[in-house]
Every structure is written in structure tokens, then in C-alpha cells.
Amino acid sequence: MEADKKAPDADEQHAFDAGEKKRPARAAFVNRERDILLSGLGIVREEGQMEDALRALRKLDADTVCETEKNRLLLGEAMLRSALARKESRGAHYRADYPNRDEAYQKMTLVEIKDGKVVTGFQVRTGKVWN
């Protein structure tokens, strides 16, 4: 071993080994999460599909993953709740159960995390929305 490189101590090696053991479990978690979101937020959406995806997402064990994955779960829930709240088709958001555009939804969708729960709402557009 080169003089300027030291061997990892026992704690460093244990942390590395633990991380390597978690890698397949994390990959399985991410793949399952992706599949759930694809099933609920595909190109053509229906309320039942999105509700099924939301239930499946909630069943994933967030206690076994890192903070990044917990945040991705919240993001996925926010996307599903936003899509469920919009009872129309607009742009890339197409709902087979609401195939027409509804001007009542010509609003921005807002999402907020309150006490660990995803809350959605709408805000009427006034003037220029983006800078």
C-alpha cells in the first residue's frame, strides 16, 4: 500500500460494508416506486389508476430508506394528488375519465407539505406567472 494511503479503520469499513449491503434493497425500492408512479401517472390517466398508485405508494416502507428516497415519496404523492385534483384534461395531463378541458381549472396547482402530509390546492392566475 502506498505511504500516503491508509487502510480504512474498522468503523469506516463497517460503514462501507453496510452501504454495499443496502444497495440492492435501495434499487428494488426505487424500481418499485418508479413502477407505481408510471402506472398512475402515465400518458392516459384515470381516477382509479391514480388512487391505486397512491395506495401502493403509501405501502412502501419509508422507514427503511434514506432521506432522499423519503423526499421522492413525498414528491410522488404530490404529483398523484395534483393529478387527482385536476378533473379535466389539459396539455400533457390527459384523463380518460375527464377528456375535455374545463376552464374552471385554468389555475395553477399548488402543493404544500403540512405536518408531513401533502396538501393540494389551486390559485387563480393573475397576470404574468413566471418571471
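Contact here means heavy atoms within 4.5 Å. Keep that cut-off in mind for the whole tour of this predicted model, in which local features need pLDDT of at least 70, side-chain atom pairs count only at pLDDT 80 or more, and totals for chains, interfaces and linings use all residues. Residues are numbered from 1 along each chain as its sequence is written, and side-chain values use heavy atoms, with hydrogens and water left out.

**Stop 1: Arg95**

Select Arg95, in strand S2. Strands (E, at least two residues) and helices (H or I, at least four) are DSSP runs, numbered from the N terminus. Is Arg95 buried or exposed? Arg95 counts as buried, because its relative accessibility is 0%. The scale: buried is under 20% relative accessible area, exposed is over 50%, and partly exposed is in between, with a 1.4 Å probe and protein chains only.

Now show what Arg95 touches. Leaving aside neighbours within four places in sequence, its contacts are Arg45, Glu47, Met50, Ala83, Leu84, Arg86, Lys87, Glu88 and Ser89. Add Ile43: its C-alpha lies 8.5 Å from that of Arg95, with their positions 52 residues apart in sequence.

**Stop 2: Asn100**

Move to Asn100, in the loop between strand S2 (94–95) and S3. Asn100 is exposed, because its relative accessible area is 58%. Which residues does Asn100 touch, not counting those up to four places away in sequence? Glu88 and Ser89. Both of these also appear among the contacts of Arg95. Measure from Asn100 to Ser89: the C-alpha atoms are separated by 5.4 Å, and the residues are 11 apart along the chain.

**Stop 3: the whole chain**

Zoom out and colour by element. The protein chain has 3 helices and 4 strands. From the N terminus on, the order is α-β-α-α-β-β-β. Of its 131 residues, 25% count as buried. Take the contacts with a separation of 6 or more: residues 24 or more positions apart account for 47% of them.

**Stop 4: helix H3**

Select H3 (67–85). This helix has 19 residues. From first C-alpha to last, H3 reaches 27 Å, close to the 27 Å expected at 1.5 Å a residue. That expected span is 1.5 Å times one less than the number of residues. Colour its buried residues: Glu69, Leu73, Gly76, Glu77, Ala78, Leu80, Ser82, Ala83 and Leu84.

**Stop 5: the largest nonpolar core**

Keep Leu80 on and add Ile36, Leu57 and Leu60. These four have the most contacts inside the largest nonpolar core, a set of 15 residues. Such a core is made of buried Ala, Val, Leu, Ile, Met, Phe, Trp, Tyr and Cys residues joined through side-chain atoms within 4.5 Å. Helices H1 (10–40), H2 and H3 each give two or more residues. Which of the elements gives the most? H2, with 5 residues.

Centre on Ile36. Beyond its neighbours within four places in sequence, Ile36 is in contact with Ala53, Ala56, Leu57 and Leu60.

**Stop 6: the largest pocket**

Turn on the pocket surface. The largest pocket has a volume of about 240 Å³. Of its 14 lining residues, the closest to its centre are Arg58, Ala62, Leu73, Leu74 and Glu77. On a 1 Å grid over the protein atoms alone, a pocket is an open set of points where a 1.4 Å probe fits, with protein on both sides within 12 Å along at least five of seven lines; lining residues have an atom within 4 Å of a point. Points are joined across faces, edges and corners, and the volume is the space filled by probe spheres set on them.

H2 (47–59), H3 (67–85) and strand S4 (117–124) each give two or more residues to the lining. The largest share, 6 residues, comes from H3. By class, the lining has 7 nonpolar, 2 polar and 5 charged residues. Ala, Val, Leu, Ile, Met, Phe, Trp, Tyr, Cys and Pro count as nonpolar, Asp, Glu, Lys and Arg as charged, and the others, Gly among them, as polar.

Select Arg58, in helix H2. Arg58 counts as partly exposed because its relative accessibility is 48%. Its C-alpha is separated by 8.3 Å from that of Leu73, 15 residues apart along the chain.

Next, Glu77, in helix H3. Glu77 is buried, because its relative accessible area is 16%. Not counting residues up to four places away in sequence, Glu77 touches Leu54, Leu57 and Val118.

**Stop 7: Asp115**

Finish at Asp115, in the loop between strand S3 (107–114) and S4. Its phi is near 50°, a positive value in a residue other than glycine. Asp115 is exposed, with a relative accessible area of 81%.
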